[in-house]
Amino acid sequence: MKRIFSGAQPTGNVHLGNYLGALKNWVALQREYESFFCIVNLHAITVRQDPKVLAAKTRELARIYLAVGIDPDVSTVFVQSDVPEHAELTWLLNCVTRTSELERMTQFKDKARKQLENVGVGLFDYPVLMAADILLYQTDLVPVGEDQKQHLELTRDLAIRFNRDYDETFRVPDAFIPKVGARIMSLADPTKKMSKSDDESEAGCVMLLDNAEAVRRKFKRAVTASGTEIRFDPARPAINNLLTIYHLLTGKTPSEVEEHFSGSGYARLKEELAEVTIGFLKPLQERVRAIDDGKLDAILEQGAARAQTIAAATLARAKANMGLVGAKRS
């Protein structure tokens, strides 16, 4: 069975775009592939975090993974910092990564522009840690959003370069990008991706843990477009985005969605979309609350142990191939 790896940062609040663009696909893929789903808390500390909040958000995200349908008996669910091989392999990969490659990363440029002189080395090196995450598990397929494609290309380049210079060590991974739902846009500004880090996230994002009142308010205030026709149209991103969310949550085909709203106004679309979303979120939130600390600890400990078995073998091979044999003979 081929293997997939993916992860999310435990920062901010997980929103509907995260679910439709990533988590939903993970659930669908987990029985087709040997699956590793990580809470990437080492990535989170590339910018300053409140330690208590980060610890709480790490556990909250793990609960959400389980609540959306990731099965710990089928998939490996773990916290990145519980497997130290991630950090160690990052250093090895740093030594084959070119500074010019990291300077070209558009996400670094965007984030560095906002932080100005307070940019840490960790933020610059973020793509190498991501490469280590993926390569540690001899990953075949990486479910990623459009904004992570550049990082995955660097991962592939590093794997190929390392294999060329130090003998065959890593599998070269491919991307999995869903055709629909990879980019759910902000309700406040449909030209921007729905993002928990955006300044307008409160208005533009429906969070997975939002109550019904908040969901209705956000959809009611969602921007629309001129005209009245309700149909899928990339040239009208606001309406297209709302219809995409409805399509993905209901499972109706695009033509069925358009027929359903034929002759309706935007108010009906927003009202129905809010109710569909609430109907989806309520049982999910109940499942999140039902996972007690003891059960969560056991799942994460089991996941870290599984992950480390594979990660340690990969790291040992990489070190041996680089001549890092330590005090003992290899």
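1. In this predicted model, glutamate 32 sits in the loop that runs between helix H1 (16-29) and strand E2 (34-39). Its relative accessibility is 51%, and glutamate 32 therefore counts as exposed, the cut-off for that class being over 50%. As for its place relative to a residue far along the chain, glutamate 32 and methionine 194 are 162 residues apart in sequence, while their C-alpha atoms are 28 Å apart in space.

2. Serine 6 belongs to strand E1, which covers residues 3-8. With a relative accessibility of 7%, serine 6 counts as buried, because that class takes in values under 20%. Once its neighbours within four places in sequence are left aside, serine 6 is in contact with Trp26, Phe36, Phe37, Cys38 and Pro143. A distance may help the reader to place this residue: the C-alpha atoms of serine 6 and glutamate 34, which are 28 residues apart along the chain, are separated by 12 Å.

3. Threonine 314 is part of helix H14, made up of residues 293-322, and is buried, with a relative accessible area of 3%. If neighbours within four places in sequence are set aside, the residues in contact with threonine 314 are Leu135, Leu136, Gln138 and Phe170.

4. Which residue shares a side-chain polar contact with threonine 314? The partner is glutamine 138, whose side chain is joined to that of threonine 314 by a polar contact of 3.4 Å, and Gln138 also appears among the contacts of threonine 314 given above.

Notes. Residues are numbered from 1 along each chain as its sequence is written. This is a predicted model: local features need pLDDT of at least 70, side-chain atom pairs count only at pLDDT 80 or more; totals for chains, interfaces and linings use all residues. Side-chain values use heavy atoms; hydrogens and water are left out. Helices (H or I, at least four residues) and strands (E, at least two) are DSSP runs, numbered from the N terminus. Buried means under 20% relative accessible area, exposed over 50%, partly exposed in between (1.4 Å probe, protein chains only). A polar contact is a pair of N or O atoms within 3.5 Å; within protein, one must be able to donate a hydrogen and the other to accept it, and residues adjacent in sequence count only if both atoms are side-chain atoms. Contact means heavy atoms within 4.5 Å.
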